[in-house]
Every structure is written in structure tokens, then in C-alpha cells.
Amino acid sequence: MNTVEIIFSPTGGTEKVAHIISRQWSESTIKIDLSDPKADFSGCVLGKEDRVLIAMPSFGGRAPAVAIERLKKIAGNGAKCTLVCVYGNRAYEDTLAEMEDAAKESGFQVVAAVAAVAQHSIIPQYAANRPDASDEKQLAEFAQQIADKTEPATSIPGNRPYKKAGGAGLVPKPSKDCVKCGVCAKNCPVQAIDPVTLSADTKKCISCMRCVKQCPHNARKVNGAMVSIVAMAIKKACSVRKENELFL
């Protein structure tokens, strides 16, 4: 039996949460990176005895469309899986429901789900430094409760039809400090960045902020005024600490 992590984590927060949970099950894991645009996910075949964790961030209360599309290409073969959605302390809304439907379509048996909080990828003052020590303890406890579960989960929240997905909204651009190293274009999960101009295609960009996070020269930025507007719009929802949730 293998422990397998199927992860879409553009800025690392989702992956950190996933590792906290999976390392309670096994010291070694197999990782399938849904953020790799060049990977052939149709060649990923799981075994029925594998223990699988599927983790994605919540973007505006929905799962990232590209991550769902790639997940559906994987053959679950009846493997038991735990869903993990990670959000920046606002709300995750229909993310878990969407992940559940995609996982079942791929042949997984969903036995549990977790909604976890990590530092907001665009507005880092929200859920700053999370997951913290308290989160790690709670997530480890969740993992122990999930470890031997075999029956399907029955209480995963979310609406069907899902809420309407929002647009990209905040699209990072190269600043004057850009040296055209190409790291951003190479690592963009949806290949939205032109490798020559390093400008992002606004129709392809999903505002995942990977290019901002990984730029070695801190030379990709989002519009500061727009960020301030978004920060004010979600301030009330983010002002109270949300706790992680387990659904069995």
C-alpha cells in the first residue's frame, strides 16, 4: 500500500497542510503534482489498496478548474481518498463538493474531507503564518481519526450546482526589477506567461500567485490598489480566526 499525495499547490500553503496530514500515515509518500502543465495525468493509475490525499486551494469558494480537469484524468481504481481544501480564512463554500464529485468521477472512494486554513496567497495579513502550531496539532489529530476509516464520508458540505466561478481579477505583471530570467513562465501551472515578454495572458491566468512567490528577484507584482480593494471587501469575513474542520 502506498500513500499518495495528489496536490495542486501554487504557493506552497496547500502542500504544507497536506504534508502535515500525510506524514501521520507514512514517512514516505508518492506525489502527483497537479500544477505541472506538462505531466500526463492519464498515465497515473492508483491501486485499490493505496491511501490517497487529494489537496487543492479554494479560489473564491471553488476548486481551481485546471486542477479538477487534471484530477479527472487520473484512474482512482477504488482507492480510498481524503479530500483537503485549503483557504485563506474567508470561506471555502463549494470547494469540497466540487472536489468530491471529481474524485468520485475518477474512481476514488471518498472517506473523509478536511477544510484547512493557510496564509492567504494574495493578502498575506489574513491567516498570517498559518498553518501554525495549533493547526499542526489539530490536523495531526484529524489524520489519526481518518487513518482506519473505510466507509464513505456522508457529511461533506457544499452546494450543487456550485456557485459561479469568478474571473482571474488580479493578474501579476513584471516590474522594472524583472531581469527576464523566465522562472515565472517556466513554472506557471497554466502556461499563461509569455516566455519572451513575460506578460501574463489575462484569459489564461488563474491568479494563483505562483509567479509572484517564485520570482527570485521579487519582480512580479499585482496592482496594489486592486489588492487594497479586495482586502477591504473581505476584511470582515477574515477578521475572526477560522478553525480547521473534519468531515467524516
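Okay, let's start with one residue: Ile-32, which sits in strand β2, residues 30-33. Keep in mind that this is a predicted model. So, is Ile-32 buried or exposed? Its relative accessibility comes out at 11%, and the cut-off for buried is under 20%, so Ile-32 counts as buried.

What does Ile-32 touch, leaving aside residues up to four places away in sequence? The list is Val-4, Glu-5, Ile-6, Ile-7, Phe-41, Cys-44, Leu-46 and Ile-74. If you want a sense of distance, take Ala-63: between Ile-32 and Ala-63 there are 17 Å in space, C-alpha to C-alpha, for a separation of 31 residues in sequence.

Now, Ile-7 was on that contact list, and it takes us on to the sheet. Ile-7 has Ala-55 in β3 as its bridge partner. The strands involved are β1, residues 3-7, and β3, and they pair in the parallel sense over five bridges.

Let's stay with β3 for a moment. How many of its residues are buried? Seven of its seven, so to speak a mostly covered strand. That holds on both faces: one side has Arg-51, Leu-53, Ala-55 and Pro-57, the other has Val-52, Ile-54 and Met-56, and all of them are buried.

Next to β3 comes β4. Strand β3 covers residues 51-57, and its pairing with β4 is parallel, over seven bridges. You can pick out two of the facing pairs here: Met-56 stands opposite Cys-85, and Pro-57 stands opposite Val-86. To get from β3 to β4, the chain passes through helix α2, residues 65-71, in a right-handed β-α-β crossover.

And β4 itself? Seven of its eight residues are buried, so the rest of the structure largely encloses it.

Moving along, β4 also pairs with β5, again in the parallel sense, over eight bridges. Here Tyr-87 stands opposite Val-117 in β5. The connection runs from β4 through helix α3, residues 95-105, to β5, and this β-α-β crossover is right-handed too.

Last stop: helix α4. This one has 14 residues, 133-146, and spans 20 Å from its first C-alpha to its last, close to the 20 Å expected at 1.5 Å a residue. At its start, a side-chain oxygen of Asp-132 comes to within 3.2 Å of the backbone nitrogen of Ser-134.

Which residues of α4 are buried? Those are Asp-135, Leu-139, Ala-140, Phe-142, Ala-143 and Ile-146. Look down the axis of α4 and its buried residues fall within an arc of 155°, so they line one face of the helix. The general background is that an α-helix has 3.6 residues a turn, so residues three or four places apart point the same way.

What covers that buried set? The cover includes α1 (13-22), β4 (80-87), β5 (109-117) and β8 (245-247), so two strands we've just been through, β4 and β5, turn up again here. On the face of α4 turned away from the buried side, you'll find the exposed residues Ala-133 and Lys-137.

That's my tour; happy to go back to any part of it.

Notes:
Residues are numbered from 1 along each chain as its sequence is written. This is a predicted model: local features need pLDDT of at least 70, side-chain atom pairs count only at pLDDT 80 or more; totals for chains, interfaces and linings use all residues. Side-chain values use heavy atoms; hydrogens and water are left out. Helices (H or I, at least four residues) and strands (E, at least two) are DSSP runs, numbered from the N terminus. The expected span of a helix is 1.5 Å times one less than its number of residues. Buried means under 20% relative accessible area, exposed over 50%, partly exposed in between (1.4 Å probe, protein chains only). The arc is that of the directions from the helix axis to the C-beta atoms. Contact means heavy atoms within 4.5 Å. A polar contact is a pair of N or O atoms within 3.5 Å; within protein, one must be able to donate a hydrogen and the other to accept it, and residues adjacent in sequence count only if both atoms are side-chain atoms. Two strands pair if DSSP finds at least two bridges between them. A crossover is right-handed if, with the strands pointing away from the viewer, the path from the first strand over the helix to the second runs clockwise.
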